[in-house]
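Me: I'd like to go through this one by question and answer. Ready when you are.

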2 protein chains.
Amino acid sequence: MIDTQKTANFPATGQSRVVIEQVSPELDGGRFPIKAIPGDVIAVEADVFADGHDYLSVRLLYRQADDTDWTEMSMALLGNDRWGASFVVEKQGRYHYTIEGWIDHLASWQHEIHLKIADGQRVISELLAGAQYVEGLVQRAGGLTKTAPKKGKSNAKKAAVPVEESADVTALRTMAALFRAGAESAADGAYDEAISVAESDQFTFYANRYPERQYATRYTVLGVEVDRARAGFSTWYCLFPRSAAWEEGAHGTFRDVEKLLPRISEMGFDVLYLPPIHPIGTAHRKGKNNSVVCQPGDPGVPYGIGSAEGGHDAIHAELGTVEGFKHLIAIAANYGMEVAMDLAIQCSPDHPWATEHPDWFKKRPDGTIQYAENPPKKYQDIYPVYFETDDWQNLWNELKRVLLVWAEWGVRIVRVDNPHTKPFGFWEWVIAEVKKEFPDMLFLAEAFTKPKVMQELAKGGFAHSYTYFTWRNTKAELEEYMTELTQSNGRPDAMKYYFRPNFWPTTHDINPYSLQSGHEPQFLIRYFLAATLSSNYGIYGPSFELMEHVPFPNKEEYLNSEKYEIRYWDWEKTNKMMYLIGLTNRIRHENAALQTTSNITFCQVSDDAIMAYVKASGDNKLLIVVNTDAYNRRAATVQVPIWQLGIYPDQPYTVHDLLTGAYYTWQGESNYVELDPYVLPMHLFRIEM
Amino acid sequence: MIDTQKTANFPATGQSRVVIEQVSPELDGGRFPIKAIPGDVIAVEADVFADGHDYLSVRLLYRQADDTDWTEMSMALLGNDRWGASFVVEKQGRYHYTIEGWIDHLASWQHEIHLKIADGQRVISELLAGAQYVEGLVQRAGGLTKTAPKKGKSNAKKAAVPVEESADVTALRTMAALFRAGAESAADGAYDEAISVAESDQFTFYANRYPERQYATRYTVLGVEVDRARAGFSTWYCLFPRSAAWEEGAHGTFRDVEKLLPRISEMGFDVLYLPPIHPIGTAHRKGKNNSVVCQPGDPGVPYGIGSAEGGHDAIHAELGTVEGFKHLIAIAANYGMEVAMDLAIQCSPDHPWATEHPDWFKKRPDGTIQYAENPPKKYQDIYPVYFETDDWQNLWNELKRVLLVWAEWGVRIVRVDNPHTKPFGFWEWVIAEVKKEFPDMLFLAEAFTKPKVMQELAKGGFAHSYTYFTWRNTKAELEEYMTELTQSNGRPDAMKYYFRPNFWPTTHDINPYSLQSGHEPQFLIRYFLAATLSSNYGIYGPSFELMEHVPFPNKEEYLNSEKYEIRYWDWEKTNKMMYLIGLTNRIRHENAALQTTSNITFCQVSDDAIMAYVKASGDNKLLIVVNTDAYNRRAATVQVPIWQLGIYPDQPYTVHDLLTGAYYTWQGESNYVELDPYVLPMHLFRIEM
């Protein structure tokens, strides 16, 4: 009857009937891991279904990448064939997760006899079938160590003790006998007892503990990269060490920076980010304000890296020595701060690589190295590295070596300058390689570029990313952008799963038009939004504190930028901005709700400039209200999402302004706010019951 | 300098810089093909980007699966790193498509010199670099046959002629020399000429014709299953052949069906679908109205397949013989009609498989075969096939063999009964296997079940799918459902790409509550919606024509259903429904806009029961207006999307009702309609300028 000529092309899994699809979170089919920090809950969902009407057993499997055993948990049917379950990533490192599903014949059987019994049928044949199922359980209970579902390692170890196995086996043998007796014995009592066990939770318990798992379908394995806690919550301070001197005219040193640590730490920062600290080239060195003519004594641009003194693995002598830098790192650690370095993959013409590895640079037809250009502009002081070189493996290795040297100095955070002008594949490789040896390492992508390029860098492994926050000013813009960053809207590859925003109101490269007025309330607003919308944020330290704002004409850059000259800052000065920074950072440290970014809910507000958002983490519930109009007092009604906060409509509650100490008693959803930008354009309410 | 201990883990493609993501259409990462019919335009989009600021070259590659060479076309940048291009699938069979991208150094170079020239720079070094690029073109032009982009096979053949190659090579050699002369000659004229060629379209032409394609990134290969035209446009008529007799009391035969062909064909149907025509079992045979007690003479249920006379590859003797069935197929073909068979994978206890292959059925504990159950109900006349059998390969092969037998009889369309109770993997395999030998074969999935199960069956290869249309009655429901079926809303796996709806107002299994009133206008509306919303639709022939509606009490089934008894139909009777069917089918055949389903745009209408939609295909533009309220005359203003139809606001246009012959002159967007369900509850306007 069977035509053996035509037996080809069978799938390996002809008896498997379960389909698993539309898993979330999932980035590019599992090509990239999602991101988390220890303690995060990973909520997984998937479409899981089969032909027919059988019950399914669907399990979420997860493990640390090095573990051989999966931890399993049952997924729950959410409706419309969508299943969900969550697991907690407890430790730093890579986790894996996947989903397995199979036809749950035992549950189907239990449901079937339940319906028949309710219909008054006598389920003799069914009890015998049940006995066969339970005999399967007996068998699987004998091989408990391998196949038993485990809730954690400690349980798994307990489960491996032979004594407990036997207890289960005994109980199951009894159950099988009971079913057979119920089917075969003339006595009504035996039948009734069998029925009652067949319908019991006890049966379900054993069925789930020793699942049949026949012809199971397992999904692709997906990844979670769990970074240390600072990846989720960090407060950055950018400082040019050469401008750290306490006396005007002096070249700042690492020792000067050390003297600033108490001040910076007291303001609540925990990452001190330094632009490049390597020897600066002299060939075509730029002068003040990016002038192509350099005056004698001009210190050059820290981004023009490399000279006879060395390249990316050397220290600019006027700042100090490698030992001095390590000392700075150690002292900073005493203040709970880390030092972040700046990786700018580009060279001065004087960089050792230019002579030792001319192949790592693009050649012009005359054989000379191609300097940087942004036509028609020329940057003859910079040689870009040529990633299309045939010697790319040595180039990649050398860049990895540089990072390992930094790591050996004690650096665990690297801000990367313009990562979007180097190949994505390089970043993915180098970050993974460095984290193999230094798992604590975090990379911040300084990519102000097109959305998909920024997203791809984050997918490839950058722990933090600069964002468009710097140019999002109106309430509508901010709410739209925050929604994109923090909400999934059903996308399995939503940015919230892998892109950690790091908000900066300004940087040493960006003096945004919105702040060039120098208007103090505008500075306060921009600062406060960064510090409360994003758990990771930073400021371009001394410049921002002092609300520096004079632009290089018609550009979003600073006049007399520190990039091109040494600046003197008065470290003793104080102002309202510094007060707000110190206070806000203290509040951030004391309120868990500000230590994560995606826990945001925007409130309806009757005014189009007043923005209000709830940030909640467990019992810590904050309501933040900001007047984004820096010039006018505004009043509005804020709709508080009391349903989300667990407040009844008739229940008064206290909103406690952590910035001013004021208490207000509110009730219901609609409440009045009024914010005068010249007084203080924001509330930071803690909701207290 | 390089630590050779750490050179591991390099990607294969370190010099590749282009990323290709978010390709659309794409089903489950390419796991399944999308669907099309010959002549369809496949519009492909993708995110394609690289690091840096270089120009990209992005190409769409496609081919028939058997071809070795890809046809290429340039993709256009749509904005935000999204690229798009379309190709036409011309022939039946499987097509493949993918995307390739690389850094276009030549385009980047041309852009760079353009900016420099505009800036007044003298581009000597750049011209020399350009000469090197052109020398690369010369080289690649020498190997034209393999690497040249082709617009079609004929072009490719021309391109292979050596003479043409030489012409390109000569032109390119001249260009390279010109660039060198421009760079090196003292004469201004040579420089100017070189510049002018470098900026010319001629340069771009050759650069695209002989692309550098260095370190290109190629995406996964995706598929398109191109079915024959009838997959896109078909009109089905369901008939029980045993009820085809022209005289009351007689058992209908294939010869009786042949006599009906002129009538059915005249009404505009092109698929005649017959429920199972195999021998019917006698064990536990059901009587009238699904009675478990069968009276002598009861003919049984055609779905109780198999008896001593044979199983799925045999013909019920009272209908005729295999030869008679082949004759019916041949006569139907003369009328432009195909005969569709019904595959119900289930057996009467008398089916030969029950004795020859007891392993293909589930056993009860007592060793007997398990009959069908839907607890607490029992269907002792049916043995379901047990797909979890260890003998699944022989089972699958036998089912394939049955389909091949049918195909050899001449059948090319199969309606599958309850495919959702058999494994997805089986359907995917058997459809692919049968189509290898009979590529014309089309399968209709009769799965009225959960959305994701219906979608999965369509992904697995069913050309047509039954839908929820039968239970979508209000305007809001219909518009929402049609949107889900026909619009992508940015989803690369939208149903429109793979799920071909086949709308049925009723079936022999479903007498929907909405029609149990027997209200004629309601029948006319339901019919007309099916026939104009979906290019594929069908009716349960004689019953629907006569607006049969008496239900089996409290069920969506028919009283005295043909499934359980032989019915007599008066084939001479005519009525308004039959008139509308014939007219609508003629209009469907004459208007291309009704021959595809996704070309629909819903119009705003001021009434919540009047539904209006534009269907457009090239110059054929229809506006359909239906009053979904079968009981009340309704009037409303319809907003005609004149912008989409190419009509200016001040330009009068004619709407020609193809149902009544009436002409109306309309102008602008807002126009008045009034529909009386007792006269005719619909307009089918052709828009004529």
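Me: Is Lys363(A) buried, exposed or partly exposed?
Reply: Keep in mind that this is a predicted model. Lys363(A) has a salt bridge to Asp359(A), with the closest N and O atoms 3.9 Å apart. Buried would need under 20% relative accessible area and exposed over 50%. Lys363(A) comes out at 37%, so the label is partly exposed.

Me: And its partner, what relative accessibility does Asp359(A) have?
Reply: Asp359(A) sits in the band between the 20% and 50% cut-offs. That makes Asp359(A) partly exposed, because its relative accessibility is 45%.

Me: Which residue does Lys378(A) meet in a salt bridge?
Reply: Lys378(A) is partly exposed, at 32% relative accessibility. The partner is partly exposed too, with a relative accessible area of 23%. Their side chains meet at 3.8 Å, N to O, and the partner is Glu373(A).

Me: How many residues apart in sequence are the parts that Glu545(B) and Arg263(B) tie together?
Reply: The two form a salt bridge, with the closest N and O atoms 2.6 Å apart. Glu545(B) lies in α16 of chain B and Arg263(B) in α8 of chain B, so the pair links parts whose separation in sequence is 282 residues.

Me: Are those two side chains buried or exposed?
Reply: The cut-off for buried is under 20% relative accessible area. Arg263(B) has 15%, and Glu545(B) has 1%. Both values pass the cut-off, so the pair is buried.

Me: What relation links chain B to chain A?
Reply: A turn of 180° with a shift of 0.0 Å along the axis lays chain B on chain A, at an RMSD of 0.1 Å. That is why the relation is that of a two-fold axis.

Me: Which residue of chain B comes closest to the rotation axis?
Reply: Going by C-alpha positions, the distance to the axis is 3.4 Å. The residue is Gly29(B).

Me: How many salt bridges cross the interface of chain B and chain A?
Reply: The contact takes 80 residues from each of chain B and chain A, and it buries about 6700 Å². One of the bridges is Glu21(A) with Lys459(B), at 3.0 Å between the closest N and O atoms. Across the interface, the count is 10.

Me: Which element gives the most to the side of chain B that touches chain A?
Reply: Several elements of chain B supply at least two residues each, including β1, β3, α1 and α12. The top contributor gives nine residues, and that is α11(B).

Notes: Residues are numbered from 1 along each chain as its sequence is written. Chains are lettered from A and ligands numbered from 1 in the order in which they are written. This is a predicted model: local features need pLDDT of at least 70, side-chain atom pairs count only at pLDDT 80 or more; totals for chains, interfaces and linings use all residues. Side-chain values use heavy atoms; hydrogens and water are left out. Copies are superposed by least squares on the C-alpha atoms of residues with pLDDT of at least 70 in both. Contact means heavy atoms within 4.5 Å. Buried area is the accessible area (1.4 Å probe) that two parts lose on being put together, summed over both. A salt bridge is a side-chain nitrogen of Lys or Arg within 4 Å of a carboxyl oxygen of Asp or Glu. Helices (H or I, at least four residues) and strands (E, at least two) are DSSP runs, numbered from the N terminus. Buried means under 20% relative accessible area, exposed over 50%, partly exposed in between (1.4 Å probe, protein chains only).
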